[in-house]
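Open the model in your viewer and keep the selection panel at hand. This tour goes stop by stop: what to select, then what is there.

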Amino acid sequence: MPVNSEKIRSIFPVLHQKVNGKPLIYLDNAATTQKPKSVLDALTDYYKHDNSNIHRGAHTLADRATRYYEKTRTVLKEFLNAKEEEEIIFTKGTTESINLVAATYGRKFITKGDEILISTMEHHSNIVPWQMLCEEKEAILKIIPINDSGEILMDDFDSLLNEKTKLVSIVHVSNALGTINPVREIIKKAHHFGAKVLLDGAQSTSHLDVNVQELDCDFLAFSAHKLYGPTGLGVLYGKRKILESMPPYQGGGEMIKEVTFAKTTYNDIPFKFEAGTPNIADVIAFQKALEFINELGKSKIKTHEDNLLSYATSLLGEIKGFIPVGTAKEKVSVLSFNINGMHPFDVGMMLDANGIAVRTGHHCTQPLMQRFGIEGTVRASFSVYNTESEIDYLASAVAKIAKIKNK
Ligand code: PLP
């Protein structure tokens, strides 16, 4: 049975409003997804009934909050098929997860002359932490090039890999193009040279089945807010052995076993990396977002989104002046484009006047935009609650806008 988008829409309150006098058409899901009512209710329920600090309390509320918080870790372990719950660390988001690895694993294990590989299509959060680390350590950052469709050039990857490669940090799915990278092959090849692999899963975890044991990635970073969950919450998965070998990220409460002025001993994983009072309410509410995905099933969600993508690609492809950006064979439901003779920002503003929310600009991938020789794109990204009729509306709005410069 295909997903029933109308029914799904009914549990997303934010979708039922007018923007600029028109019904909202929310096509900015790669930036952040909307939240189902169950997530919103979980947030208020927590503060109404369970609010308490976790792990240390001897009272009922603290015990309840701790159990709910830790339950999300268990659900995530299943969601990713991690071996153990302790391999799941809560962070602020993908950005913090990557920075955590750079600041701990990177500082300890990357030394002068070592090489780190990333690709042309990385988000800034998977570029800048490595640039900072390389500057500090006198290590070398190397870039895997892509072709004009927005696919990694695997031959070039092969020739960049060598014994000096210590880490490959790569985006699983490109936020700007939608490309699904061949990460299984990348991981296998990197491991052959003894390099560790970090996957930026910010865009993949919402669309694909990401099985960390099957992929054999060493780290996976992602954000709850792109998976129908709250903002300000992320996950870092890491293999136990590697996490245990890493020094702590931040010092403070929770991450210690014992503190004296002479010496401090650190807590076990995952707590070693969760200093201070964490984002308790959001972690608990995230469970509801994961339940929402699990109940629908990833493959059903993907089929729906893939159908929307091919429908939109063919419909918008007929518009005179439409220039797609990112035409990889393997893609998720991201349609990046430009309109001949128009600035993407202007297109975005005109769509907004029609109640259509898209993202415009460089999508935090400036080097990728430089690769394509463009300033930015208009990006429509589809989710499980989007419908074909919304895409009809998008296509007719884009056609009208394109006509201004493409008679
Ligand atoms: N990586 C990719 C591919 C992304 O799409 C994003 C967010 O857009 C990030 C990293 C950063 O995520 P966050 O801002 O939630 O930390």
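**Stop 1: helix 3 and its sheet**

Select helix 3: it lies across strand 4, strand 9 (219–223) and strand 10 (234–238), and runs at about 120° to strand 4. Helices (H or I, at least four residues) and strands (E, at least two) are DSSP runs, numbered from the N terminus. Angles run from 0 to 180 degrees between N-to-C directions, with axes as lines fitted to C-alpha atoms, for helices over the stretch in contact. Contact means heavy atoms within 4.5 Å.

A word on the source: this is a predicted model, where local features need pLDDT of at least 70, side-chain atom pairs count only at pLDDT 80 or more, and totals for chains, interfaces and linings use all residues. Residues are numbered from 1 along each chain as its sequence is written, and side-chain values use heavy atoms, with hydrogens and water left out.

Stay on helix 3 and pick Arg-73 and Glu-70. Their side chains meet in a salt bridge, 2.7 Å from N to O. Both residues lie in helix 3, 3 residues apart, about one turn of the helix. The rule for a salt bridge is a side-chain nitrogen of Lys or Arg within 4 Å of a carboxyl oxygen of Asp or Glu. Side chains of opposite charge can pair when their charged atoms come close. The structure holds 26 salt bridges.

Now show the sheet. It is open, has 7 strands in the order 4-10-9-8-7-5-6, and its pairing is mixed. Two strands pair if DSSP finds at least two bridges between them. Strand 4 and strand 6 (140–144) are the edge strands, each pairing on one side only. From one strand to the next, the twist averages 20°.

Zoom to strand 5 (residues 115–119). Strand 5 pairs with strand 6 in the parallel sense, over 5 bridges. Pick Leu-117: its bridge partner in strand 6 is Lys-142.

**Stop 2: two backbone details**

Select Asn-81, in the loop between helix 3 (60–80) and strand 4 (88–91). Its phi is near 55°, a positive value in a residue other than glycine. Next, go to Ile-269 and Pro-270. A cis peptide bond joins Ile-269 and Pro-270, with omega about 5°. Pro-270 sits in the loop between strand 12 (264–266) and helix 10 (280–296). Most residues other than glycine have a negative phi, and most peptide bonds are trans.

**Stop 3: the antiparallel sheet**

Select strands 13, 14, 17 and 16. These 4 strands form an open sheet in the order 13-14-17-16, with antiparallel pairing. Strand 13 (322–324) and strand 16 (359–361) each have a single partner strand, so one side of each is left without a neighbour in the sheet. The twist here averages 30° from one strand to the next.

Look along strand 13. Three bridges join strand 13 to strand 14 (residues 334–339), and the two run antiparallel. Pro-324 has Phe-337 as its bridge partner in strand 14. Add helix 11 (residues 298–317), which packs on the sheet and touches strand 13 and strand 14; its direction makes about 10° with that of strand 14. Then add helix 12 (residues 344–353). Helix 12 lies across strand 14, strand 16 and strand 17 (377–381), at about 40° to strand 17.

**Stop 4: where the domains meet**

Colour by domain: domain 1 is 5–28 + 297–405, and domain 2 is 52–294. The bounds come from an automatic or database domain assignment. The domain centres, taken over C-alpha atoms, are 29 Å apart.

How much area do domain 1 and domain 2 bury between them? About 2,600 Å², 59% of it on carbon and sulfur atoms. Buried area is the accessible area (1.4 Å probe) that two parts lose on being put together, summed over both. In domain 1, Lys-298, Val-332 and Arg-371 lose the most area to domain 2, together 26% of what that side buries.

The rule finds 1 salt bridge across this interface. Select Asp-148 and Arg-371: they form a salt bridge, with the closest N and O atoms 2.7 Å apart. Finish on helix 13 (366–372). Helix 13 gives the most to the side of domain 1 that touches domain 2, with 6 residues.
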